[in-house]
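Colleague: Could you take me closely through one part of this model, the largest cavity and the helix that gives the most to its lining?

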Amino acid sequence: RKSASLLIQKMYDWRGYDTDALRHDPNKITLAVYQEDKVVGTMSLGMDSPQGMVVDQLYKQEADQLRAEGRKLCDITRLAVDHDIKSKSVLAALFHMAFIYGHNIHHATDFLIEVNPRHVLFYQRMMGFQPFGEEKTCPRVNAPAVLMRLDATHADEQIIRYGGMGAVATGVRSIYPYFFSHDDELGITQRLLRGE
């Protein structure tokens with residue numbers, strides 16, 4: 001948690017965003033990617049609960065709309081990748097592990113994330129997120145934010161089609177080829193369910 005907090009602080013400070021340290025929360029998991037014993041990427045995945053999620057602070061109406069439709073939600077927060085690392089595989093590993101925990105283990109149907117408006121097109125092209133809320137100022141980081149939504153069905157289809165292909169998947173304008181293969185995903189899910 002300390003290493004992830006340090007990377008978040010470094011990357012958010014670099015962008016001029018405010019942030020604070022990670023805290024223990026039973027409805028949240030922090031994922032980290034290591035390269036040679038150094039954290040190079042991190043994100044937190046929050047599962048919906050009676051206490052709500054981080055996105056409820058700014059976008060409760062939008063989240064409640066999905067809840068009313070019977071959707072099961074999770075949110076992605078505190079995403080940071082070391083700017084010295086230019087690897088699609090780091091970002092893909094973070095998002096794929098979030099998908100495994102959120103969808104495969106906790107049965108989430110939708111992933112929500114608040115992003116800076118200048119990153120909206122990236123999330124649309126690279127993973128299929130769609131804008132789901134108007135631009136607002138996020139007081140947690142003191143910066144503009146847009147809520148985006150990813151339907152887990154779309155992600156699952158992309159993983160089955162492209163996962164594990166890497167650079168061999170020419171002409172594919174997403175990071176799904178850098179996700180694990182579908183077979184690897186199933187193996188990881190089973191190991192996590194067994195507590196290995």
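Modeller: To follow how helices cross, one needs to know that axes are lines fitted to C-alpha atoms, for helices over the stretch in contact, with angles running from 0 to 180 degrees between N-to-C directions. Helices are DSSP runs of H or I with at least four residues, numbered from the N terminus. This is a predicted model, in which local features need pLDDT of at least 70 and side-chain atom pairs count only at pLDDT 80 or more, while totals for chains, interfaces and linings use all residues. Residues are numbered from 1 along each chain as its sequence is written, and side-chain values use heavy atoms, leaving out hydrogens and water.

The axes of H3 (residues 88-105) and H5 (residues 152-162) come within 12 Å and cross at roughly 125°, which makes H3 oblique to H5 (angles outside under 35 degrees, roughly parallel, over 145, roughly antiparallel, and 65 to 115, roughly perpendicular). In their contact (heavy atoms within 4.5 Å), His96, Phe99 and His103 of H3 meet Ala152, Ala155, Asp156 and Ile159 of H5.

The largest cavity has a volume of about 60 Å³, where a cavity is a set of points on a 1 Å grid over the protein atoms alone at which a 1.4 Å probe fits but cannot get out, and lining residues have an atom within 4 Å of a point; the volume is the space filled by probe spheres set on the points, which are joined across faces, edges and corners. H3 gives the most to this lining, with three residues, and among the lining residues are Phe99 and Ala155, which also take part in the contact of H3 with H5.

Notes:
1 Å grid on protein atoms, 1.4 Å probe; cavity = no way out; pocket = protein on both sides within 12 Å on 5 of 7 lines; lining within 4 Å. Helix = DSSP H or I, 4+ residues; strand = E, 2+ residues; numbered from the N terminus.
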